[in-house]
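Here are some notes for a colleague who is meeting this structure for the first time. The points below are meant to be read with the model open alongside.

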Amino acid sequence: MAGKGAVGPIAVIGDVMVDRYIVGSVSRISPEAPVPVLVHGAERIVPGGAANVAANAAALGAQVILVGLTGADPEAEALKDALAAYPGIDLSSLVADGGRPTITKTRVMSGRQQIVRIDAEILTPPAEDTVARLVATVEEALGRSSVVVLSDYAKGVLSDVVIGAAIAAAQAKSVPVIVDPKRRTFEAYRGATLVTPNRLELAAATGLPDTTDAEAALAAEAASRQFGGDVLVTRAEKGMTLWRRNGQVLHVPAQAREVFDVSGAGDTALAALAVSLASGHTLETSVHFANAAAAVAVGKIGTAVVTRAELNAALDASVPEGAQPGALVDRARAAAVIAGWQAAGARVVFTNGCFDLVHPGHVSILEAAAREGDRLVVALNTDTSVQRLKGPTRPVQDEAARARVIGALRCVDLVVLFEEDTPLEIITTLGPDVLVKGADYREDEVVGGDVVKARGGRVALIPLVEGRSTSALVAKAKG
Ligand SMILES: Nc1ncnc2c1ncn2[C@@H]1O[C@H](COP(=O)(O)OP(=O)(O)OP(=O)(O)O)[C@@H](O)[C@H]1O
Ligand SMILES: O=P(O)(O)OC[C@@H](O)[C@H]1O[C@@H](O)[C@@H](O)[C@@H](O)[C@@H]1O
């Protein structure tokens, strides 16, 4: 069931790295050459590249199997030590190759300012026997996984052979494959479910710009033609654009309040996406969740890991202050907040309606709805949609007033508006666990019931309170 218990296992396959930070302070230029003199302060090592994806997924609560290539050197041991801080990462699938160094990126920092980066890496493809060991390891790991992530930094692990083996094994098990690409074209990823290029990777693969949302969607569509799956473009300060093969497009604006260091935000987003999908959420919900996680990552210095607690705190804080609980939020915020609640194990109940003149029948059904789960989200018809449904004299109260009243009820956690004639689209975007309607409906008549059930949720029908309705109140008031 969505949002319950330990998530995964997620297989993260790709280029693992060591990110080493040498931090000190600079107050003078060397007399020997025009270079800064760093007074050494501290050193730290954190997982980088695919290992950073694994650390982020584990910090968000997933079980992770990490497949990658290390050297047989002290850096490999340091990487394993750093990863050991994250319970839930299985390191037994790391393949050691004595002929290569463990990829290491050393950043020399004066405070928060990076002065120089020193890379230790060999980019020649691994020898045949190493590739064979990788393929065998990938196939074994895939047998235990519910989502596969290919974290490609073009350092040699994700050769055509290894990509092909991973995708074939995943397809045989109907397990989704998400790829963070580095190749100039995406043809090698044919059969993957989703590829997540950043702006540069998208431009390199398609030659197309992504300056506007419309351009991003067109470029994503062109990228999709190269491998046949969905495309999520991570567009730095412009947020994310999802293009799906069914033609649906979702643009999610960046949420970051403070931006300190964007490096590794793509790894965090990728990990959050995989965790959310492994929890049973829709791709749309998972994109909102990933975007919220990336917003936390860019507020941290260096290669950063975002924990479930940090993400939950950020999601709660994204509900406007002073209005909690029951705040009226826009759809993108609602999706991110709901995905966060679900990742923390909460069952989210959804119901919808006009709630024009609120009466005891409304209150009873909302209280009963809230008892069906842990959090209650109410989708409120906008004024124009109420007019279409109930005629030009309605609503009596405008949407802001109706949202204020419903949001003030103790049992309501979030209010969101919807404009469409049915709530199908908003239910699909928000991905609740329980869909509540009045018992005047039959279960098979409930719009969105199929969507909720398809992802492990349920429909609950609640008995109506007889003799109570807004229309009756309006008629009575008119005399
Ligand atoms: N400057 C920024 N302001 C706000 N949000 C940002 C910014 N940069 C990145 N983000 C968030 O992080 C997500 C991923 O960033 P980006 O598109 O730069 O990925 P990336 O290049 O793959 O990252 P990396 O390779 O450093 O891991 C974006 O979609 C956005 O949500
Ligand atoms: O691709 P090149 O630059 O050679 O190596 C990757 C680095 O730039 C960094 O990338 C970030 O996303 C992170 O994965 C971080 O851990 C990693 O060190």
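1. Please begin at Asp-152, which has a relative accessible area of 3% and is therefore buried. Bear in mind throughout that this is a predicted model. The side chain of Asp-152 meets that of Arg-183 in a salt bridge, with 4.0 Å from N to O. The two residues belong to distant parts of the chain, 31 residues apart, with Asp-152 in the loop between strand S9 (147–151) and helix H4 (160–173), and Arg-183 in the loop between strand S10 (177–180) and S11. Arg-183, for its part, counts as partly exposed because its relative accessibility is 25%.

2. A second pair to examine is Asp-413 and Arg-375, which form a salt bridge whose closest N and O atoms are 3.8 Å apart. Asp-413 lies in the loop between helix H13 (399–407) and strand S18 (414–418), and Arg-375 lies in strand S17 (residues 375–381), so the salt bridge ties together parts that are 38 residues apart in sequence. Asp-413 counts as buried at 16% relative accessibility, whereas Arg-375 is partly exposed, with a relative accessible area of 27%.

3. Side chains of opposite charge can pair when their charged atoms come close. A search of the whole structure finds 34 salt bridges, and one of them joins Asp-19 to Arg-107, the closest N and O atoms being 3.0 Å apart. Since Asp-19 lies in strand S2 (residues 16–29) and Arg-107 in strand S7 (residues 104–110), this pair ties together parts that are 88 residues apart in sequence. Both Asp-19 and Arg-107 are buried.

4. Asp-19 and Arg-107 also appear among the residues around ligand 2, a group that includes Lys-105, Arg-117, Tyr-153 and Lys-155. Polar side-chain atoms approach oxygen atoms of this ligand at 2.7 Å in the case of Lys-105, and at 2.9 Å in the case of Arg-117. For Tyr-153, an N or O atom of the side chain is 2.8 Å from an oxygen atom of ligand 2. Of the 420 Å² of accessible area that ligand 2 has on its own, the protein covers 81%. Lys-105, Arg-117 and Lys-155 are, in addition, linked with Asp-119 and Glu-121 in a network of salt bridges.

5. Which residues are closest to ligand 1? Of the 19 residues that surround this ligand, the closest are Asn-198, Thr-234, Gly-264, Gly-266 and Asn-291. A polar side-chain atom of Asn-198 lies 2.7 Å from an oxygen atom of ligand 1, and one of Thr-234 lies 2.9 Å from an oxygen atom of the ligand. From the backbone, a polar atom of Val-262 is 3.4 Å from an oxygen atom of ligand 1. Ligand 1 exposes 630 Å² when taken alone, and the protein buries 85% of that.

6. Thr-196 is found in the loop between strand S11 (194–195) and helix H5 (199–206), and it counts as buried because its relative accessibility is 7%. Its side chain makes a polar contact, at 3.5 Å, with the side chain of Asp-180.

7. On the surface, Ile-115, Val-116 and Ile-118 form a nonpolar patch that together has about 230 Å² of accessible area. Val-116 lies in strand S8 (residues 113–120), and its relative accessible area of 39% is why it counts as partly exposed.

8. As to the record, an unreviewed UniProt entry carries the annotation "domain: Carbohydrate kinase PfkB" for residues 10–304. In the model, the end C-alpha atoms of this span lie 19 Å apart, and the span is 34% helix and 29% strand.

Terms used: Residues are numbered from 1 along each chain as its sequence is written. Chains are lettered from A and ligands numbered from 1 in the order in which they are written. This is a predicted model: local features need pLDDT of at least 70, side-chain atom pairs count only at pLDDT 80 or more; totals for chains, interfaces and linings use all residues. Side-chain values use heavy atoms; hydrogens and water are left out. Patches are made of residues with over 30% relative accessible area and no salt bridge: like charges are joined within 9 Å, nonpolar side chains (Val, Leu, Ile, Met, Phe, Trp, Tyr) within 5 Å. Accessible areas come from the Shrake-Rupley method with a 1.4 Å probe; for residues, only the protein chains shown count as cover. Helices (H or I, at least four residues) and strands (E, at least two) are DSSP runs, numbered from the N terminus. Buried means under 20% relative accessible area, exposed over 50%, partly exposed in between (1.4 Å probe, protein chains only). UniProt positions are given in the numbering used here, feature names are shortened, and annotations may be inferred rather than shown by experiment. A residue is near a molecule or strand if one of its heavy atoms lies within 4 Å of it. A polar contact is a pair of N or O atoms within 3.5 Å; within protein, one must be able to donate a hydrogen and the other to accept it, and residues adjacent in sequence count only if both atoms are side-chain atoms.
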